[in-house]
Amino acid sequence: MIAVLRLILLLAAFLSAAPVAANDLVGVASVIDADTLEIHGVRIRLHGIDAPESRQLCRRNSGDEWRCGQQAAFALADRIGRRTVNCAVRDVDRYDRAIAVCEQDNQDLNRWLVSEGWAVAYRRYSRDYIGAEDQARRAGRNIWVGQFVMPWDWRRGQRLP
């Protein structure tokens, strides 16, 4: 009975997302972390990028450590505010999250995160944001201001030396 109720709620969430196209999710997004949003109860993993985890620390050139993952999530939340986000779904991952490119005011939020130095291009899955990452690295923006562990390595247990 509970499984049926969950299925009905999930279906209702998809239908209430006011799709613009068959694979779009549109609405006010909640930031779960810097590479994951939620719209109408549907979790959305941002395509082609990987951001530091919420508990992840980075180190500035001064030696000070800071919660770069938390700050990346805050930056995305500040960027999108309570305005509508449109996510074009490309796939579904092994955790049943929609994989999408999300836009707001005709700006690719995935690209924005990488170009601002809050995320990196996730080359394992896409080459779409490599140029934006190169620009952020050269400019020394945010995570590129010092040292950090790539998010995929951090999830495997690697930490700053």
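This report walks through the chain, one sheet and the largest pocket of a predicted model.

Residues are numbered from 1 along each chain as its sequence is written. In this predicted model, local features need pLDDT of at least 70 and side-chain atom pairs count only at pLDDT 80 or more, while totals for chains, interfaces and linings use all residues, and side-chain values use heavy atoms, with hydrogens and water left out.

Let's start with the chain. It has five helices and twelve strands, which are DSSP runs numbered from the N terminus (helices: H or I, at least four residues; strands: E, at least two). Of its 161 residues, 45% count as buried, meaning under 20% relative accessible area with a 1.4 Å probe, protein chains only.

Now for a sheet. Three strands form an open sheet in the order β7-β6-β12, with antiparallel pairing; two strands pair if DSSP finds at least two bridges between them. Because β7 and β12 stand at the edges with a single partner strand each, one side of each is left without a neighbour in the sheet. R59 has Q147 in β12 as its bridge partner.

| Strand | Residues |
|---|---|
| β6 | 58–60 |
| β7 | 65–66 |
| β12 | 146–147 |

Finally, which residues are the closest to the centre of the largest pocket? They are R45, D93, R97, Y122 and Y125, out of 24 lining residues. Strand β8 gives the largest share of the lining, three residues. By class, the lining has eight nonpolar, three polar and 13 charged residues; Asp, Glu, Lys and Arg count as charged, Ala, Val, Leu, Ile, Met, Phe, Trp, Tyr, Cys and Pro as nonpolar, and the others, Gly among them, as polar. A pocket is an open set of points on a 1 Å grid over the protein atoms alone, where a 1.4 Å probe fits, with protein on both sides within 12 Å along at least five of seven lines; lining residues have an atom within 4 Å of a point.

How values were computed: Buried < 20%, exposed > 50% of the residue type's maximum accessible area, 1.4 Å probe, protein only.
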